[in-house]
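Colleague: I'd like to go through this one with you, ligand surroundings and all. Can you bring it up?

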Amino acid sequence: MYLRPTTIDEAIGALVSHGARILAGGTDFFPTQGDRPVTGAVLDISAIEALRGITLDADEVRIGARTTWSEVAAADLPPAFDALRAAAREVGGWQIQNLGTVAGNLCNASPAADGVPPLLALDAQVELAGPDGTRVLPLDHFILGPRRTALRPDEILVAIRVPRRFEQAPSRFLKLGARRYLVISIAMVAAQVAFDAAGRVEAARVAVGSCSAVACRLPALERALVGADAGAGLASLVRPEHLEPLQPIDDVRATAAYRRDAAATLIGRTLDLCLCEPSHA
Ligand SMILES: Cc1cc2nc3c(=O)[nH]c(=O)nc-3n(C[C@H](O)[C@H](O)[C@H](O)COP(=O)(O)OP(=O)(O)OC[C@H]3O[C@@H](n4cnc5c(N)ncnc54)[C@H](O)[C@@H]3O)c2cc1C
């Protein structure tokens, strides 16, 4: 059964009545399916207008669940979103970016999902709607493990919400793969650093992906950065103990030791890039 509702309420009704699987851009949905035929009900959310678009109000930026990577890359957003916009340009090629959604990237919950570190660094939350109403979860409470989220079978992720705090802070994203483009990450880092008028770090958020079952922030490093003089550079402040939350594994793309080393280098570079003017509009 193929369902294409036009409202969120109809979509929730379909989830409750038919146990349907949600289809957004399909760029994870269909590859996961492999050669097997699609069975059971499929809920295509592409006609739900309420899930489209990025809106800014006084307190938060709201990214609707149908927002594609191309739309994020082209959006006029504050500097704190530069890391997310950079990640958007690294998700597959243009065809994937035109179809794939940020929400789908989160719901698919791959440890290598490029959207997760920038959104963790933005303190993002997800808004989930189900038959009992709406609930909001911090992103780090939503993604529970590889391919595992807190989403209930009768719920739909309707929006990603980002508080408008430190939104003028520079942010950067770096991804390392086996080649420059069209590649799954070996390690990736998103960082956002706010400076005070004296050029000292007021707040820092650093998140690393592909180096643990779920991408994570580095709280000890974030604390160590606060008060640092930006003029002296930030990379030298990164210590091995700051990387303790990371638990990289050996796999076909890299060894755990290489991943840890790469993460340390990427973190330093990403932090120091926050001291420079952005290289893109
Ligand atoms: C060639 C190729 C290259 C790729 N390169 C990258 C890459 O470089 N980096 C990267 O991170 N990813 C990459 N991907 C993976 C994929 O493109 C992204 O994860 C994309 O953001 C998924 O979004 P989607 O809209 O296509 O999700 P879909 O495939 O439609 O859905 C993915 C999962 O999320 C669920 N879902 C989707 N939307 C919702 C919602 N609103 N509420 C609840 N559940 C929902 C679906 O049921 C499904 O389980 C690549 C994929 C391909 C095919």
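Colleague: Which strands and helices each supply at least two residues of the shell around the ligand?

Modeller: First, a caveat: this is a predicted model, where local features need pLDDT of at least 70, side-chain atom pairs count only at pLDDT 80 or more, and totals for chains, interfaces and linings use all residues. Residues are numbered from 1 along each chain as its sequence is written, and side-chain values use heavy atoms, with hydrogens and water left out. Helices (H or I, at least four residues) and strands (E, at least two) are DSSP runs numbered from the N terminus. With that, the elements that each give at least two shell residues are strand 2 (21–23), helix 6 (102–108) and strand 10 (156–163).

Colleague: And which element gives the largest share of that shell?

Modeller: The shell has 29 residues, with I22, T27, D28, F29 and T101 the closest; a residue belongs if one of its heavy atoms lies within 4 Å of the ligand. Four of the shell residues come from the element with the largest share, helix 6.

Colleague: How many of the shell residues are charged?

Modeller: Ala, Val, Leu, Ile, Met, Phe, Trp, Tyr, Cys and Pro count as nonpolar, Asp, Glu, Lys and Arg as charged, and the others, Gly among them, as polar. On that split the shell has 16 nonpolar and nine polar residues, and the charged ones number four.

Colleague: What distance separates the polar side-chain atom of T101 from an oxygen atom of the ligand?

Modeller: I count a polar contact as a pair of N or O atoms within 3.5 Å. The backbone offers a couple: I22 puts an N or O atom 2.5 Å from a ligand oxygen, and for a polar backbone atom of E90 the distance is 3.3 Å. For the side chain of T101, it's 2.6 Å.

Colleague: Away from the ligand, what is the volume of the largest cavity?

Modeller: A cavity is a set of points, on a 1 Å grid over the protein atoms alone, where a 1.4 Å probe fits but cannot get out; lining residues have an atom within 4 Å of a point. The lining includes A109, P111, I143 and V214, and by class it has nine nonpolar, two polar and no charged residues. Volume is the space filled by probe spheres set on the points, and here that's about 60 Å³.

Colleague: Last one: which residue is the bridge partner of E127 in strand 7?

Modeller: Strands pair if DSSP finds at least two bridges between them. Strand 6 (residues 125–130) and strand 7 (residues 133–138) do so in the antiparallel sense over six bridges, forming a hairpin with two residues between them. Across from E127 sits V136.

Definitions and conventions:
A polar contact is a pair of N or O atoms within 3.5 Å; within protein, one must be able to donate a hydrogen and the other to accept it, and residues adjacent in sequence count only if both atoms are side-chain atoms. On a 1 Å grid over the protein atoms alone, a cavity is a set of points where a 1.4 Å probe fits but cannot get out, and a pocket is an open set with protein on both sides within 12 Å along at least five of seven lines; lining residues have an atom within 4 Å of a point.
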